[in-house]
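Let's take a walk through this structure together. Please have the sequence and the 3D view open as you read.

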Amino acid sequence: MINPLELLFRRTVRERWCTGIQCTTCGSFMFRDALARYLKRYGPAEWPFSNYQIKRMYRDLAEIDPPPGQGSKYEEILKGLFKVVSPSPHLDDELGDSWARDVLSSMRDRYQRRLEARRIHDLANDPNEVAKRRAEKKAKRTEEHKKRMELQRLKALEWHKRNKVNP
Ligand SMILES: [Zn+2]
């Protein structure tokens with residue numbers, strides 16, 4: 001027997017349902033409605049879904065493998081699904097070694113990388129950091145200027161010596 005969540009994935013592909021949860025045109029109504037109906041098989045809750053409902057969903061997810069050539073479509077659906085039902089890290093083990101687990105891990109990796117990029121960006125634009133870098137640059141310029149002046153002074157001194165002109 002094919003699992004009901006896989007049927008939902010197939011139907012989403014077949015009927016080209018929009019899974020963009022932030023979609024301003026349809027709000028992915030068809031997809032969200034079908035997902036809520038699917039989850040109702042495992043409990044009465046419509047929103048928020050119970051832990052038991054989510055756990056059953058994870059078990060169904062663990063059995064899904066995208067058909068050849070539909071990997072990216074399935075991935076998009078899974079991302080849409082996780083925007084409706086927030087991932088439950090404590091249920092990761094229910095996913096075993098499945099395709100869904102891989103997608104979820106890569107979603108988390110990307111999220112972590114975005115956070116890190118954000119942190120670096122914020123640090124680079126932190127007013128204190130900016131002021132600190134500016135002060136360092138200024139100190140370096142002053143130092144270089146001093147060196148140049150000293151070099152010029154020595155050169156002038158040498159010139160005066162050579163030409164026997166008192167400074
Ligand atoms: Zn839409």
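The paragraphs below go from a helix pair to the core, and then to some single residues. Please keep in mind that this is a predicted model.

Start at the N-terminal end of the view, with helix α1, residues 4-14, and helix α2, residues 29-39. These two helices pack at an angle of about 165°, and their axes are 10 Å apart. An angle over 145° counts as roughly antiparallel, so α1 is roughly antiparallel to α2. The crossing of α1 with α2 is right-handed. If you zoom in on where they meet, α1 brings Pro4, Leu5, Leu8, Arg11 and Thr12, while α2 brings Phe31, Ala34, Leu35 and Tyr38. Sorted by class, this contact between α1 and α2 has 7 nonpolar residues, 1 polar residue and 1 charged residue.

Now look at the loop that joins this pair. Two residues are worth a stop here: Arg16 and Ser28. Arg16 sits in the loop between α1 and α2, and Ser28 has its place in the loop between α1 and α2 too. Phi of Arg16 is near 50°, which is a positive value in a residue other than glycine. For Ser28, phi is also near 50°, again positive in a residue that is not glycine. Are these residues buried or exposed? Arg16 is exposed, because it has 9 other C-beta atoms within 10 Å, and 12 or fewer count as exposed. Ser28 is buried, because it has 21 other C-beta atoms within 10 Å.

Next, follow α2 to Leu39, which lies in that helix. Leu39 is buried, with 24 other C-beta atoms within 10 Å. Leaving out residues up to four places away in sequence, Leu39 touches Phe49, Gln53 and Met57. Take Phe49 from that list: Leu39 and Phe49 are 10 residues apart along the chain, and their C-alpha atoms are separated by 7.6 Å.

Met57 leads us to the core. Which residues have the most contacts inside the largest nonpolar core? They are Leu5, Phe9, Met57, Leu61, Leu78 and Ala100, in a core of 20 residues. The elements that each give two or more residues to this core are α1, α2, α3 (51-62), α4 (71-84) and α5 (99-125). You have already met Leu5, one of the α1 residues in the contact with α2. Leu5 also appears among the contacts of Leu61, together with Leu95, Ser98 and Ala100, when neighbours within four places in sequence are left aside.

Leu78, another of the core residues with the most contacts, lies in helix α4. Leu78 is buried, because 20 other C-beta atoms lie within 10 Å, and 20 or more is the cut-off for buried. Beyond its neighbours within four places in sequence, Leu78 is in contact with Ala100 and Val103. For a sense of scale, pick Leu78 and Leu154: they are 76 residues apart in sequence and 73 Å apart in space, C-alpha to C-alpha.

Our last stop is His90, found in the loop between α4 and α5. His90 is exposed, with 9 other C-beta atoms within 10 Å. His90 and Lys55 are 35 residues apart along the chain, and their C-alpha atoms are separated by 9.9 Å.

Key
Residues numbered from 1 in each chain as written. Predicted model: local features only at pLDDT ≥ 70, side-chain atom pairs only at ≥ 80, totals over all residues. Axes fitted to C-alpha atoms, helices over the stretch in contact; angles between N-to-C directions. Helix = DSSP H or I, 4+ residues; strand = E, 2+ residues; numbered from the N terminus. Parallel < 35°, antiparallel > 145°, perpendicular 65-115°, else oblique. Left-handed = near helix turned anticlockwise from the far one by under 90°. Contact = placed C-beta atoms within 7 Å. Nonpolar A, V, L, I, M, F, W, Y, C, P; charged D, E, K, R; others polar. Core = buried A, V, L, I, M, F, W, Y, C linked by C-beta atoms within 7 Å.
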